[in-house]
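User: Could you take a close look at one part of this model for me? Start with what counts as packed in, then walk me outward from there.

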Amino acid sequence: SWTTGNVIDEQVAAIREQVGDRRAICGLSGGVDSAVAAALVQKAIGSQLTCVYVDHGLMRKGETEQVEKDFVAATGVQLKVVDAQERFLNALKGVSDPEEKRKIIGREFIRVFEQAQAEIIADEGPAVEFLVQGTLYPDVVESGGGTGTANIKSHHNVGGLPEDLEFQLIEPLRKLFKDEVRMVGQELGLPEEIVQRQPFPGPGLGIRIVGEVTRERLDLLRDADAIAREELTAAGLDRDIWQCPVVLLADVRSVGVQGDGRTYGHPIVLRPVSSEDAMTADWSRLPYDVLAKISTRITNEVADVNRVVLDVTSKPPGTIEWE
Ligand code: XMP
């Protein structure tokens, strides 16, 4: 019968057999799937696994620390953190178009990740032949089976990585659904904040700033987002909503009055949604007192924000994210 204990024991044995005394690499995104996959492989092969976390500076408050400290504390994993904040900010300079932003973030991410991989491969030690991925059952079905190998091409000119390096994939979550992955993660002792994390897009806050992405705007949005999350959690609403993007309309200003004077600041949008699979969504009917608390706190505590607005659009026609 299915128990998380059985799944873990089976996978640990299978991974040990597959990897032998060679090494594996795993990219961590901060999300549930990669964290649980990494924790499982770590349990199986310990220091033969190295994880890579690219800090692109587009994460929410506390999330990078969650990976750097809490995840490492819970698993004992070897972690290589690449601070690429400057690089991403430079690459995004002057760019407002959503698709352009996504392309740049995706491209820079692959470059930084491949560079880190090349450095790990160049280290002393046994061959690195395995790449861990947090592929879930629904992903396997959607992509029609999967091939079991990944062809990492060194087309980005990252020194040290052989042409057409072939990794064998380790995908310990291939038979699991999301809720089962969360249970496995819990059994492995991962922190609640990681195991119960709501969906968050790979391009991060970069696609939640309507307008150019700058360090100041990221800091401002991080503060507003942290307040919204704190109040939603305090109200016990985390399980009721699918996710709640908090968006900064950096290209919009409106007039307000705060303290003794007139302000001309930016609006923050709250986008709480309920959904089953993110393909469709409805806007969440959050209690007014919770919305009021979030609005008051954001306008009081976050400089340059003088208005908080609520997105009451379902998907379709709106997407969940604004970009
Ligand atoms: P949309 O905005 O298309 O979002 O309704 C659907 C779900 O996908 C998430 N999302 C992303 N996740 N990389 C990701 O890993 C992305 O580029 C990306 N774009 C959107 C979004 O947060 C929502 O859960």
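Analyst: Sure. Let's fix the yardstick: a residue is buried if 20 or more other C-beta atoms lie within 10 Å of its own, exposed if 12 or fewer, and partly exposed in between. Keep in mind that this is a predicted model.

Ala24 makes a good starting point. It sits in strand β1, which runs over residues 23-28. Is Ala24 buried or exposed? There are 25 other C-beta atoms within 10 Å, so Ala24 is buried. Who is around it? Skipping the neighbours within four places in sequence, the contacts of Ala24 include Val19, Val41, Ile45, Gln48 and Leu49. From further along the chain, Val128, Phe130, Leu131, Val132 and Ile170 are also in contact with Ala24. Take Leu49 as an example: it is 25 residues away from Ala24 along the chain, yet their C-alpha atoms are separated by 4.8 Å.

Val19, one of those contacts of Ala24, brings us to helix α1, which covers residues 4-19. The axis of α1 comes within 9 Å of the axis of α7 (residues 178-187), and the two cross at roughly 80°. Angles of 65 to 115 degrees count as roughly perpendicular, and α1 and α7 are therefore roughly perpendicular to each other. On the α1 side, the residues that meet α7 are Thr4, Gly5, Val7 and Ile8. Their partners in α7 are Met183, Val184 and Glu187. Sorted by class, that contact is made of four nonpolar, two polar and one charged residues.

Now zoom out to the domains. The domain assignment gives domain 1 as 4-195 and domain 2 as 208-310. Taken over C-alpha atoms, the centres of domain 1 and domain 2 are 30 Å apart. Domain 1 puts 10 residues into the contact and domain 2 puts in eight. The side of domain 1 that touches domain 2 has four nonpolar, three polar and three charged residues.

On to the ligand. What surrounds it? Pro199, Pro201, Gly202 and Pro203 are among the residues around the ligand, and so are Gln243 and Ala278. Lys315, Thr319, Ile320 and Glu321 complete the list. By class, this shell divides into five nonpolar, three polar and two charged residues.

A few of these shell residues deserve a second look. Pro201 lies in the loop between α8 (192-195) and β7 (209-210). With 18 other C-beta atoms within 10 Å, Pro201 is partly exposed. Leaving aside neighbours within four places in sequence, Pro201 is in contact with Ile207 and Glu321, and Glu321 is itself on the ligand list. Pro201 and Gly31 are 170 residues apart in sequence, while their C-alpha atoms are 9.3 Å apart in space.

Ala278, another member of the shell, has a slightly odd backbone: phi is positive, about 70°, although the residue is not a glycine. It sits in the loop between β11 (273-274) and β12 (282-283). Ala278 has 14 C-beta neighbours inside 10 Å, so it counts as partly exposed. There is another positive phi at Asp304, near 80°, and again the residue is not glycine. Asp304 is placed in the loop between α10 (288-301) and β13, and it is partly exposed, with 14 other C-beta atoms within 10 Å.

Then Lys315, also around the ligand. Its peptide bond to Pro316 is cis, with omega about -15°. Pro316 is in the segment after β13 (305-310). The bond from Pro316 to Pro317 is cis as well, with omega near 10°, and Pro317 is found in that segment after β13 too.

Last stop: Ser254, in strand β9 (residues 254-258). It is partly exposed, with 13 other C-beta atoms within 10 Å. Setting aside neighbours within four places in sequence, its contacts are Pro267, Asn306 and Arg307. For a sense of span, Ser254 and Lys175 are 79 residues apart in sequence and 50 Å apart, C-alpha to C-alpha.

Methods:
Residues numbered from 1 in each chain as written. Predicted model: local features only at pLDDT ≥ 70, side-chain atom pairs only at ≥ 80, totals over all residues. Axes fitted to C-alpha atoms, helices over the stretch in contact; angles between N-to-C directions. Helix = DSSP H or I, 4+ residues; strand = E, 2+ residues; numbered from the N terminus. Parallel < 35°, antiparallel > 145°, perpendicular 65-115°, else oblique. Contact = placed C-beta atoms within 7 Å. Nonpolar A, V, L, I, M, F, W, Y, C, P; charged D, E, K, R; others polar. Near = placed C-beta within 6 Å. Domains from an automatic or database assignment.
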